[in-house]
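Hi there,

Here is the structure I promised to pass on to you. Have a look at it first, and my notes on what I found follow below.

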Amino acid sequence: MNEDEEERYVTGGYGTANWPATNDHGDGHANGGQKPIGVALIGCGNIARPHMAGWRRLVDAGQARIVAVCDNDPARAQEFAATYGAERATADFEEAVRRPDVEGIDVCLPHHLHLPAILAAARAGKHVLCEKPLVNSLDEAEQAIRACREAGVVLMTADRDRFEPHARAVKRILDLRLLGDVNLVLERHMLHKNVLVQAASHNMGWKLGKSTSGGGALHRDGCYYIDTLLFWAGEVAHITGAEFDRFLWNTEEIETTSHVLFRFKSGAIGVFEMVWCLQGPHIREITINGSEGYLTLKGAIGDDAVITVHSNKLERRVLGDERVVRAFEECFFQRPDLAHPDRVGEALTLRVPYAAGFHAQEIEFLGAIREGREAESDGFDGARALEVVHGAYQSARERRAIDLPLKDWAALARIGGRGTRRVAVAAG
């Protein structure tokens, strides 16, 4: 999400009032007599605004308290507190994290500051929701996951794309096996993003440095959508090859275009393109092909999406079956009148209204805290998306295929933790 999209979300330009009282992450509007969970937001930059809009709704629902907001600019922290109704504004990170009435922290800091914040929260026994990318390297990911598992606290990566209605719809289609066995996943994600102007005009120069940002288009934005691909199709076995360049903006340390070829452990082939140098409106196009059909998705970059399904399993009477209609409707967070599936020729078309995933991921974070479990989109999910990114960097640098995993995540998973992991979407 770029700065314009963040502003549209915050001001209601995306119709956030259409979110329902309930969704598949729990009840967002009734606390069932439970005590609100105290949250501190760390970092009051642009990305914090949509986070805070989601928290504000949970405060209104009695689910959460915004105990504190923290920023190294005291004036900005005060402005956030006043705008979003936080109980306290501070420039003292340690004070915010160690408050006894804070149970969870929401990290919205520059990328290179994620790990120190996560480690400090784990030491204080606080649960963590951290903006993507989780951290800047796989070594840092290992440190973050280990610290939170040893402390027995939630570590959740804020990969909001997988919580948005279009992603849940695709997941439901795949779990219903309307496409059979998936064999090909293609995603083209192309933006016009002048990162030089963005860095200069928003005091975000840190985004142009490799040591502070971690990387360019693939690391900063691609990790969102790679996480969604893994959510849909499972883990990656190896990166076959990758190409990067600094087209158009000519940034010195980070890429503005990336193209990656890989293979999933299932055997399916994946192709992913993350580009910032598009000269025109944003494009997101996805094709998933299987043994029984294929789907296409267009849109869903801060906009409505259209999903078209061609399947040998779709009979002409399918839409006369209310169970089928409900199965598709239930993959949405809301049930707007225009979201009903339509049959067009031999295709099933789903028109999916946009709804930003910030609120949904925050509901999931609170649910994991209350239920003593790991969150969906946990630290391992954040690490595995990052692993694809850094495997692609290595593949391009060394001009060879790179086998995954690059870290022993299975061994790390045996350390501490909070028991079961949420099953994201039921198959039936």
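A crossing of two helices is called right-handed if the near helix is turned clockwise from the far one by less than a right angle, and left-handed if the turn is anticlockwise. With that in hand, helix α2 passes helix α3 in a right-handed crossing. Please keep in mind that this is a predicted model.

The α2 and α3 pair

Two packed helices are described by the angle between their axes and the distance between the axes. Here the axes of α2 (residues 48-60) and α3 (residues 74-84) cross at roughly 35° and come within 11 Å. On the α2 side, the contact is made by Ala-48, Arg-49, Met-52, Ala-53 and Arg-56, which meet Glu-79, Phe-80 and Tyr-84 of α3. Sorted by type, the residues of this contact are five nonpolar, three charged and no polar.

The protein as a whole

The protein has 428 residues, and 58% of them are buried. There are 14 helices and 18 strands. Of the contacts with a separation of 6 or more, 73% are between residues 24 or more positions apart. The exposed area comes to about 16700 Å², with 49% of it supplied by carbon and sulfur atoms.

Two helices that are mostly covered

Helix α12 (residues 358-371) reaches 20 Å from its first C-alpha to its last, close to the 20 Å expected for its 14 residues at 1.5 Å a residue. Because 12 of those 14 residues are buried, α12 is largely enclosed by the rest of the structure. Among the buried ones are His-359, Glu-362 and Glu-364, along with Phe-358, Phe-365 and Leu-366. After α12 comes Gly-372, with a positive phi near 65°.

Helix α7 (residues 165-175) is also mostly covered, with 10 of its 11 residues buried. Its buried residues include Arg-168, Lys-171 and Arg-172 as well as Val-170, Ile-173 and Leu-174. The helix is followed by Arg-177, whose phi is positive, near 60°.

Three buried residues and their surroundings

Which residues does Asp-159 contact, leaving aside its neighbours within four places in sequence? They are Lys-132, Cys-223, Tyr-224, Asp-227, Gln-361, Ser-377 and Gly-382. Asp-159 is found in the loop between β8 (155-158) and α7, and it counts as buried because its relative accessibility is 1%, under the 20% cut-off. Its C-alpha is 8.1 Å from that of Thr-228, although the two are 69 residues apart in sequence.

Pro-133 is in the loop between β7 (127-131) and α6 (138-151). With a relative accessibility of 1%, Pro-133 is buried too. Not counting residues up to four places away in sequence, Pro-133 touches His-111, His-114, His-219, Arg-220, Cys-223 and Leu-386. The C-alpha atoms of Pro-133 and Cys-223 are separated by 6.4 Å, with their positions 90 residues apart along the chain.

Ile-226 has its place in helix α10 (residues 217-233), and its 4% relative accessibility makes it buried. Outside the residues up to four places away in sequence, Ile-226 touches Leu-218, Phe-272, Ala-385, Val-388 and Val-389. The C-alpha atom of Ile-226 is separated by 9.3 Å from that of Glu-187, which is 39 residues apart from it along the chain.

Happy to talk any of this through whenever it suits you.

Best wishes

Notes: Residues are numbered from 1 along each chain as its sequence is written. This is a predicted model: local features need pLDDT of at least 70, side-chain atom pairs count only at pLDDT 80 or more; totals for chains, interfaces and linings use all residues. Side-chain values use heavy atoms; hydrogens and water are left out. Axes are lines fitted to C-alpha atoms, for helices over the stretch in contact, and angles run from 0 to 180 degrees between N-to-C directions. Helices (H or I, at least four residues) and strands (E, at least two) are DSSP runs, numbered from the N terminus. Contact means heavy atoms within 4.5 Å. Ala, Val, Leu, Ile, Met, Phe, Trp, Tyr, Cys and Pro count as nonpolar, Asp, Glu, Lys and Arg as charged, and the others, Gly among them, as polar. The expected span of a helix is 1.5 Å times one less than its number of residues. Buried means under 20% relative accessible area, exposed over 50%, partly exposed in between (1.4 Å probe, protein chains only). Accessible areas come from the Shrake-Rupley method with a 1.4 Å probe; for residues, only the protein chains shown count as cover.
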